[in-house]
Amino acid sequence: MSHGIDLRAVPYDHPDAIRLNDQVQLEYQVRYDGEGDATFLDPAMFLPPRGLYLVAYDTSGTPVATGGWRTQDENDEGYSDGDAELKRMYVVPQARGLGLARRILAELEADARAAGRTRMVLETGDKQPEAIALYLSSGYAATEKFGYYRAYESSRCMAKPLS
């Protein structure tokens, strides 16, 4: 499984987080024909207790995966009070299949639950079938669309109760 993997809470603007974020943006550009994720993210959004950003390191200290959550409440983008939004779930290609995404997801859910959030929500896309499969197998279900890409045909929004 993911032996020897060290999950560390880091700021969203930590150099390792930025490096992995650059990689995930490149992957989005490949999968979605030149479009990265244009959602505005501020490092302050991930500061506990209103969020958390994790980087997973392998035994050599190389950052291999990330994921974070941020507080959302009812707004004109379709969120609801009590929401925690999953952002930047990413595993580098060479570390896929080790259960890292599942481990990060469980950690983020537990942290958001402990912070009093009642629902975890996420937005992914139809060109990320592995992500959709992970979330479906982790108890997420399709939900009404929200967020920056809510008008996009390719957008897929999912949610899971935390309470």
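Strands here are DSSP runs of E, at least two residues, numbered from the N terminus. I need that first, since I started with Asp83, which lies in strand β4. A reminder to myself: this is a predicted model.

**Entry 1: Asp83**

Is Asp83 buried or exposed? I looked it up: its relative accessibility is 1%, and buried means under 20%, so Asp83 counts as buried. Skipping its neighbours within four places in sequence, I found Asp83 in contact with Arg70, Thr71, Gln72, Arg117, Arg119 and Val121. I also checked Asp83 against Ala112: they are 29 residues apart in sequence, and their C-alpha atoms are 9.0 Å apart in space.

**Entry 2: Arg119**

One of those contacts of Asp83 is Arg119, so I went there next. Arg119 sits in strand β5. Its relative accessibility is 17%, which is why Arg119 counts as buried too. What does Arg119 touch, not counting residues up to four places away in sequence? I listed Ser80, Gly82, Asp83, Ala84, Thr143, Glu144, Ala159, Lys160, Pro161 and Leu162.

**Entry 3: the sheet**

Time to see how the strands go together. I followed 7 strands through an open sheet, in the order β1-β2-β3-β4-β5-β7-β6, with mixed pairing. β1 (6-9) and β6 (141-142) stand at the edges with a single partner strand each, so each has one side without a neighbour in the sheet. Then I zoomed in on β6: it pairs with β7 (residues 155-161) in the antiparallel sense, over 2 bridges. Ala141 stands opposite Ala159 in β7.

Helix α1 (residues 15-31) packs on this sheet, where it touches β2 (51-57), β3 (63-72) and β4 (83-91). I noted that the direction of α1 makes about 85° with that of β4.

**Entry 4: helix α2**

Helix α2 lies across β1, β2, β3, β4, β5 (119-125) and β7, and it runs at about 30° to β3. I tried a length check on it. The helix has 15 residues (100-114), and at 1.5 Å a residue it should span 21 Å; the end C-alpha atoms are 21 Å apart, which agrees.

Which residues of α2 are buried? They are Leu100, Ile104, Leu105, Leu108, Glu109 and Ala112. Looking down the axis of α2, I see these buried residues fall within an arc of 160°, so they line one face of the helix. The spacing rule from class helps here: an α-helix has 3.6 residues a turn, so residues three or four places apart point the same way. Just after α2 comes Gly116, with a positive phi of about 90°.

**Entry 5: helix α3**

I repeated the exercise for α3, where Ala131, Leu134 and Tyr135 are buried. Down the axis of α3 the buried residues fall within an arc of 90°, so they too line one face of their helix. What covers them includes β4, α2, β5 and β7. Just after α3, Gly139 takes a positive phi of about 95°.

**Entry 6: the cores**

How many residues does the largest nonpolar core have? It has 40, and the ones with the most contacts inside it are Leu86, Ile104, Leu108, Met120 and Tyr135. I traced where they come from: α1, β2, β3, β4, α2, β5 and α3 (129-137) each supply at least two residues of this core. β2 gives the most, with 6 residues.

I picked Leu86 for a closer look. Leaving out neighbours within four places in sequence, Leu86 is in contact with Gly68, Trp69, Leu105, Leu108, Met120, Val121, Leu122 and Tyr135. There is also a second, separate core of 5 residues, which includes Tyr79, Val121, Cys157 and Ala159.

**Entry 7: backbone oddities**

Last, I hunted for unusual backbone angles. Most residues other than glycine have a negative phi, and most peptide bonds are trans. Against that, I wrote down these cases:

- Asp33, in the loop between α1 and β2, has a positive phi near 55°. At 64% relative accessibility, Asp33 counts as exposed.
- Arg88, in strand β4, also has a positive phi near 55°. Arg88 is buried, with a relative accessible area of 5%.
- Pro48 and Pro49 are joined by a cis peptide bond, with omega about 5°. Pro49 is found in the loop between α1 and β2.

Technical notes: Residues numbered from 1 in each chain as written. Predicted model: local features only at pLDDT ≥ 70, side-chain atom pairs only at ≥ 80, totals over all residues. Heavy atoms only, no water. Helix = DSSP H or I, 4+ residues; strand = E, 2+ residues; numbered from the N terminus. Expected span 1.5 Å × (residues − 1). Buried < 20%, exposed > 50% of the residue type's maximum accessible area, 1.4 Å probe, protein only. Arc of directions from axis to C-beta. Pairing = 2+ DSSP bridges. Contact = heavy atoms within 4.5 Å. Axes fitted to C-alpha atoms, helices over the stretch in contact; angles between N-to-C directions. Core = buried A, V, L, I, M, F, W, Y, C linked by side-chain atoms within 4.5 Å.
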